[in-house]
Amino acid sequence: MSDEPGRGPADVDAYINAQLVGEDTVLAAALARAAAAGLPAHDVAPNQGKLLHLLARIAGARTILELGTLAGYSALAVAFALPPGGGLVACDVSADWTAIARRYWTEAGVADRIDLRLGPATATLAALAAEGAGPFDLVFLDADKQRNPEYLEWALRLTAPGSVIVADNVVRAGGLADAASEDPRTLGVRRFTELLGAAANVTATAVQTVGQKGWDGFVLALVEDAG
Ligand SMILES: C[S@@+](CC[C@H](N)C(=O)[O-])C[C@H]1O[C@@H](n2cnc3c(N)ncnc32)[C@H](O)[C@@H]1O
């Protein structure tokens, strides 16, 4: 990896965003507003948001479930991918941060497609199952990573063959490969990865990324027929 000025991972992200993502979209404005409001910069990078958008469209997703919404950036990216009549259930514990999300979902004209559920994801997942919600075509796991193993179990209950599961921040600067790690989030993504590998009805991979968010990566999984 180069340290030369103009050739580092963040420079490449800036180039990709300028060429392929667009800097003056409503998404860029949303990010700027979240930063101005002092939110932690834990939203996906613009090119990663575009990846989620593309995955949703490639999968033909009509129903999407997101765990971990923050100020609504990734939710906005996938909401733009929904066809008419499609819907996104977005879940977060923070009323303050998601209040920002609600404002620009409304401005972007997608608020009517987004069902925001406030509260711990485990409670929302249980409620969705009790309501008979789903199957979701795309599930994006981006909440508290220590609970990813539990979220995987719910995701598999709330999806069907052909559904796609994406999980962010699984590489954690190499933590994923560190068997001695005692960090709860690293333990969470390691157990999650092992469960995925052992699941009979899931085909999955994980991809490392570098960029403005540092060294991290995501899991991409396809739910298959159990038989
Ligand atoms: C990485 S941020 C999500 C970023 C967002 N997906 C994006 O890219 O724009 C993680 C979010 O998970 C939320 N969170 C943490 N623990 C949670 C829990 N137990 N249930 C639901 N949300 C949780 C946090 O409040 C935070 O907003």
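**Reading a ligand site and a helix**

Mentor: Let's start at the ligand: 22 residues surround it, and the closest are Val44, Gly68, Ser74, Asp92 and Asp142. Keep in mind that this is a predicted model.

Trainee: Okay, polar contacts next. Which atom of the ligand does a polar side-chain atom of Asp92 lie 2.7 Å from?

Mentor: For that kind of contact, look for a pair of N or O atoms within 3.5 Å. Here Asp92 puts a polar side-chain atom 2.7 Å from a ligand oxygen. Asp142 does it with a nitrogen atom of the ligand, at 2.8 Å from a polar side-chain atom. Then there's Leu70, where a polar backbone atom sits 3.3 Å from a ligand oxygen. As for cover, the ligand taken alone exposes 610 Å², and the protein buries 90% of that.

Trainee: Now helix α5. What should its 14 residues span?

Mentor: Count 1.5 Å times one less than the number of residues. For α5, residues 95-108, that gives 20 Å, and the end C-alpha atoms are 20 Å apart, so the two agree.

Trainee: And which residues of α5 are buried?

Mentor: The general idea first: an α-helix has 3.6 residues a turn, so residues three or four places apart point the same way. In α5 the buried ones are Thr98, Ile100, Ala101, Tyr104 and Trp105. Seen down the helix axis, they fall within an arc of 145 degrees, so they line one face of α5.

Trainee: What covers those buried residues of α5?

Mentor: The cover includes helices α2 (26-36) and α4 (73-79), plus strands β2 (87-92) and β3 (114-118). On the face turned away from the buried side you'll find exposed Asp96, Thr106 and Glu107.

Trainee: How about the ends? Which residue caps the N-terminal end of α5?

Mentor: Ser94 does, with a side-chain oxygen 3.4 Å from the backbone nitrogen of Asp96. Just after the helix, Gly109 takes a positive phi of about 80 degrees.

Trainee: Let's do backbone oddities. Where is Asn169 found, and is it buried or exposed?

Mentor: Check phi: Asn169 has a positive value, near 60 degrees, in a residue other than glycine. You'll find Asn169 in the loop between β5 (164-168) and α8 (184-198). Buried means under 20% relative accessible area, so Asn169, at 19%, is buried. Arg172 is also in the loop between β5 and α8, with a positive phi of about 50 degrees although it isn't a glycine. At 21% relative accessibility, Arg172 counts as partly exposed.

Trainee: And which residue is Gly134 joined to by a cis peptide bond?

Mentor: Look at omega: from Gly134 to Pro135 it is near 0 degrees, which is cis. Pro135 is in the loop between α6 (121-131) and β4 (138-141).

How values were computed. Residues numbered from 1 in each chain as written. Predicted model: local features only at pLDDT ≥ 70, side-chain atom pairs only at ≥ 80, totals over all residues. Heavy atoms only, no water. Helix = DSSP H or I, 4+ residues; strand = E, 2+ residues; numbered from the N terminus. Buried < 20%, exposed > 50% of the residue type's maximum accessible area, 1.4 Å probe, protein only. Arc of directions from axis to C-beta. Contact = heavy atoms within 4.5 Å. Polar contact = N/O pair within 3.5 Å; in protein donor to acceptor, adjacent residues only side chain to side chain. Near = heavy atom within 4 Å. Areas by Shrake-Rupley, 256 points an atom, 1.4 Å probe, with all protein chains shown as cover.
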